[in-house]
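Biologist: Please take me slowly through one part of this chain and its surroundings, keeping to what the coordinates support. I would like a single connected account rather than a list.

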Amino acid sequence: MRKELKAPVRCAVVGYGAAHVFGRAHGRWIDATPGLKWAAVCDRDPERLKAAKDEFPQLETYSSLSEMLAKADIDMVSVVTPHHTHAPISIECLNAGRHVVCDKAMCLTVAEADAMIAAAKKNDRTLAIFHARRHDGNFRAIKEAVHSGRIGDVFHIELTAGGFGKPREWWYAKKSLGGGAFYYWGPHAIDWVLDMVRQKIIGCNGFYHKLVWDDADQEDQARAILRFENGCVADITWSHIAAVGKPLWRVLGTQGGIIDTGAGGNKGYQELLTGPSGGSFQMVTIKDGKRDETQVPYKESDWLTYYVDMANHLLHGGPVPVSGEDGRRTIAVFEASERSSATGQTEPVAYE
Ligand SMILES: NC(=O)c1ccc[n+]([C@@H]2O[C@H](COP(=O)([O-])OP(=O)(O)OC[C@H]3O[C@@H](n4cnc5c(N)ncnc54)[C@H](O)[C@@H]3O)[C@@H](O)[C@H]2O)c1
């Protein structure tokens with residue numbers, strides 16, 4: 001049995017980027033978690049290292065991951081770098097005996113996901129994937145309503161986001177670095193659906209469109225339609241060419257339905273450690289032929305729970321918040337949907 005760590009677990013963040021200041025957000029969440037301590041930061045960009053040191057002078061700073069792994073007294077590394085680096089950086093950290101929290105998207109391919117999981121097993125270290133938006137206030141409330149059975153058996157889920165506009169030019173929009181149109185917001189959407197519908201996927205149909213933004217290095221729209229073993233169907237779309245929109249969530253059950261715009265569901269995500277997001281979704285229930293419409297308030301967005309769960313795992317042997325195997329399922333859906341779009345066939349999902 002693995003020896004549990006002693007508090008405080010010393011943590012490092014790799015990637016202190018300016019785009020979403022998300023390395024900083026990870027560090028602040030870590031430091032606000034009893035039992036964890038943010039001790040070091042690594043970024044190969046000297047300006048970003050200086051930004052970290054200016055705001056958090058107590059941190060050790062490193063421009064090279066290998067140097068940090070060789071010198072720093074750290075137990076866990078949070079990987080908050082561009083998607084194409086997630087697999088190599090996570091594997092280097094695991095091979096150096098560190099536990100890893102890897103932000104979404106876990107990696108680019110199922111083969112990379114398998115290599116990450118194998119490295120964690122070989123080194124007896126934990127690999128956790130940062131699907132912390134399971135703690136968004138609107139998702140928590142919708143999941144609770146669905147699982148309570150108040151709208152009956154759920155058979156249809158739609159999740160739609162995006163708009164009409166050329167993807168900004170940066171690594172996210174380069175397919176070889178970001179993974180493609182689905183990998184930006186899609187990891188949240190696919191993970192929400194897979195967390196809500198704990199069923200095996202028996203087939204995936206994908207529809208990828210490349211029609212408008214000729215000089216952009218990725219698809220304009222990506223859509224995955226998943227068929228679950230219990231008959232439930234989920235239809236998930238991210239678009240750069242949607243001139244008209246739809247609500248974020250539309251869920252149909254045998255005794256009702258849910259519509260949610262998502263407004264306010266993750267307000268203050270990077271700044272707040274945890275907090276009420278406000279907002280509500282519309283729920284219709286049908287009972288004995290009577291239709292009842294209510295606005296259901298969102299729950300609290302308890303983002304800190306992810307690292308609290310991670311601390312509980314490392315210090316007391318509690319469950320991993322989101323395992324590598326769990327994260328791999330999202331990457332498998334991306335792969336299957338892209339393959340299906342190319343073949344025109346329903347494709348299986350490499351799904352444990
Ligand atoms: N979970 C969420 O809700 C959420 C929100 C925002 C961003 N993210 C994720 O965070 C990650 C980073 O995104 P971002 O917008 O902060 O990107 P970014 O481009 O702003 O930052 C990435 C940083 O990583 C550094 N970097 C790149 N390769 C490195 C290496 N080999 N060693 C050390 N540093 C390296 C870069 O210098 C840069 O400062 C992505 O995986 C993204 O999807 C997740």
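Modeller: A residue is taken as near a molecule if its C-beta atom, placed from the backbone, lies within 6 Å of it. The model is a predicted one, and by that criterion 25 residues surround the ligand, with G15, G17, A19, H20 and D45 the closest of them. By residue type, this shell divides into 12 nonpolar, 6 polar and 7 charged residues.

With the ligand placed, I turn to the part I have chosen, helix α10. It runs over residues 324-343, which makes 20 residues, and from its first C-alpha to its last it reaches 28 Å, close to the 28 Å expected at 1.5 Å a residue. Of its 20 residues 15 are buried, so α10 is largely enclosed by the rest of the structure. The count behind that statement rests on a cut-off: a residue is buried if 20 or more other C-beta atoms lie within 10 Å of its own, exposed if 12 or fewer, and partly exposed in between.

The loop between α9 (305-316) and α10 holds S323. S323 counts as partly exposed because it has 18 C-beta neighbours inside 10 Å. A separation across the model can be read from the same residue, since S323 and Q221, which are 102 residues apart in sequence, lie 29 Å apart in space from C-alpha to C-alpha. On the other side of the helix, just after α10, G344 takes a positive phi of about 75°.

The segment after α10 also contains Y351, which is partly exposed, with 16 other C-beta atoms within 10 Å. Y351 and A332 are 19 residues apart along the chain, yet their C-alpha atoms are separated by 6.7 Å. When neighbours within four places in sequence are left aside, the contacts of Y351 are with K200, I201, R329 and A332.

One of those contacts, R329, also belongs to the packing of α10 against another helix. Two packed helices are described by the angle between their axes and by the distance between those axes. Here the partner is α8 (residues 182-196), which packs with α10 at an angle of about 115°, the axes being 9 Å apart, and the crossing of the two is right-handed. On the α8 side the contact is made by F182, Y183, G186, P187, I190, D191 and L194, while α10 contributes R329, T330, V333 and F334. Taken by type, the residues of this contact divide into 7 nonpolar, 2 polar and 2 charged.

Helix α10 is met from a further direction by α5 (residues 110-123). The 14 residues of α5 reach 20 Å from the first C-alpha to the last, close to the 20 Å expected at 1.5 Å a residue. Buried residues in α5 are V110, E112, A113, M116, I117, A119 and A120, and these pack against α4 (86-95), β6 (127-130) and α10. After α5 comes D124, whose phi is positive, near 50°. Ahead of the helix, the loop between β5 (99-103) and α5 contains A105, and the peptide bond that joins K104 and A105 is cis, with omega about -20°.

That bond merits a careful look, and some other backbone features can be examined alongside it. The peptide bond from A7 to P8 is also cis, with omega near -5°, and P8 lies in the segment before β1 (9-14). In the loop between β1 and α1 (22-31) sits V21, a residue other than glycine whose phi is nevertheless positive, near 40°; with 16 C-beta neighbours inside 10 Å it counts as partly exposed. D288, in the loop between β14 (280-287) and β15 (290-297), likewise has a positive phi, near 50°, and is not a glycine. D288 counts as exposed, because it has 4 C-beta neighbours inside 10 Å.

A buried position elsewhere makes a useful companion to these loop residues. A52, in helix α2 (residues 46-55), counts as buried, since 21 C-beta neighbours lie inside 10 Å. Not counting residues up to four places away in sequence, A52 touches Y16, V41, L59 and T61, and its C-alpha is separated by 9.4 Å from that of C42, 10 residues away along the chain.

To return to the chosen part, α10 is largely enclosed by the rest of the structure; the buried residues of α5 pack against it, among other elements, and α8 crosses it in a right-handed sense.

Methods:
Residues are numbered from 1 along each chain as its sequence is written. This is a predicted model: local features need pLDDT of at least 70, side-chain atom pairs count only at pLDDT 80 or more; totals for chains, interfaces and linings use all residues. Helices (H or I, at least four residues) and strands (E, at least two) are DSSP runs, numbered from the N terminus. The expected span of a helix is 1.5 Å times one less than its number of residues. Ala, Val, Leu, Ile, Met, Phe, Trp, Tyr, Cys and Pro count as nonpolar, Asp, Glu, Lys and Arg as charged, and the others, Gly among them, as polar. Axes are lines fitted to C-alpha atoms, for helices over the stretch in contact, and angles run from 0 to 180 degrees between N-to-C directions. A crossing is left-handed if the near helix is turned anticlockwise from the far one by less than a right angle, and right-handed if clockwise. Two residues are in contact if their C-beta atoms, placed from the backbone, lie within 7 Å.
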